[in-house]
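Hi,

Here is the structure I promised to pass on. Have a look at it first, and then read my notes below.

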Amino acid sequence: MKKLKLTWLIVFLIIILPKVTFADAPEISAGEKYFNILEGHYVLRDNVRVALNNHGVRAIVTADEARVNVLSQKCWADGNVKFVHDNVIFSCDKAYLQWQTKTADVIGKVAFLSAGVVSITAQSATFNWREKIADFYGIVQVNAKENLKLAENLELEQGIYAHVQFDVRQNKILLLEKNSDAPEISIPDTDISAG
C-alpha cells in the first residue's frame, strides 16, 4: 500500500511541478507525443512546436523531433529546427535550449536572421537570450544591411570568418575573427530516436 501511495505522489509531483517551476507551462504540440514518466520528459515527433513564456521571455522551437524535460527546463530538438525569440530567428539541424540559463546551442547548417539587419550562416552558434549575444563559429558568412553597426575598429569584409559575435539589442557586430580556435559546440546526449 505504501508503494502505491508513493507512486501516486511521484506522478502527482511530475504533473504539478512543471507548472510551479515554469513561469508558465510550455505549450507543447506534435503529431505524436507522449510523456516518458520514468525519465520525466515529453517525447515529440512530427510537426513539433514548443512555446514558452518564461518570465517575460517568449521562445518558440519547431522541429521534426524533440524531447522536453519540464522539470529541468531543457529542450533537445532535431531535424529542421527553427528557434524564434523576439525578432531573432535561428534555423539549424540540431539545438539544445535551456530556459533557466536562457541559452541555446545550435549546430549544423546554422542560419541566423535578425530583424532585417543581418543574416549570418555558420557551422555552429551559441545564443544567450538574456544578454542578447550570439556567437557564430566555423565557416561564418555575414550578409549585412545598411543599418548594421560595427564595434569600434571593426571593418566588415567580404569572405569567411572563423568567429563572429553579434549583439542583438544594439544590432551590432562586436567581434570579427578570420582565425580562431572555435570551441566545439555539441548537443548533450539524449537519444531522440529512442522511444
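So, what's in it? The protein chain has one helix and twelve strands. Reading from the N terminus, the helix comes before the strands: α-β-β-β-β-β-β-β-β-β-β-β-β. Keep in mind that this is a predicted model.

On confidence, the average pLDDT for the protein chain is 85, and 83% of the residues score at least 70. The weak spot is helix H1 (residues 2-21), where confidence is lowest with a mean of 53, while strand S11 (residues 161-167) has the highest, at 96. Over residues 17-23 the pLDDT is even below 50, although this stretch has 15 contacts in the model beyond near neighbours in sequence. Where pLDDT is low, the predicted coordinates should not be read in detail.

Now for the strands I spent some time on. Strand S8 (residues 118-128) and strand S9 (residues 133-144) run antiparallel and are joined by nine bridges. Together S8 and S9 make a hairpin, with four residues between them. In that turn, Lys 132 has a positive phi of about 65°. S9 also pairs with S11, again in the antiparallel sense, over six bridges.

Phe 136 is a handy residue to click on here. Sitting in S9, Phe 136 stands opposite Ala 125, and its bridge partner in S11 is Val 164.

Phe 136 and Val 164 turn up again in the largest nonpolar core, which has 43 residues. They are among the members that touch the most other members, along with Phe 83, Phe 90, Phe 112, Ile 120 and Phe 166. Apart from that core lies another one, of six residues, including Trp 76, Tyr 96, Ile 185 and Ile 187.

Which residues does Phe 90 touch, leaving out those up to four places away in sequence? Among them are Val 81, Phe 83, Val 106, Phe 112, Ala 125, Phe 127 and Phe 136.

What about the cysteines? Cys 75 has 0% relative accessibility, so it counts as buried. Cys 92 has a relative accessible area of 6%, and is therefore buried too, since the cut-off is under 20%. A search of the whole structure finds zero disulfides.

A few overall numbers to finish. Of the 195 residues in the protein chain, 42% are buried. Among contacts with a separation of 6 or more, 41% are between residues 24 or more positions apart. The protein chain exposes about 10600 Å², with carbon and sulfur atoms supplying 51% of that.

Cheers

Key: Residues numbered from 1 in each chain as written. Predicted model: local features only at pLDDT ≥ 70, side-chain atom pairs only at ≥ 80, totals over all residues. Heavy atoms only, no water. pLDDT = per-residue confidence, 0-100. Helix = DSSP H or I, 4+ residues; strand = E, 2+ residues; numbered from the N terminus. Contact = heavy atoms within 4.5 Å. Disulfide = S-S within 2.5 Å. Buried < 20%, exposed > 50% of the residue type's maximum accessible area, 1.4 Å probe, protein only. Core = buried A, V, L, I, M, F, W, Y, C linked by side-chain atoms within 4.5 Å. Pairing = 2+ DSSP bridges. Areas by Shrake-Rupley, 256 points an atom, 1.4 Å probe, with all protein chains shown as cover.
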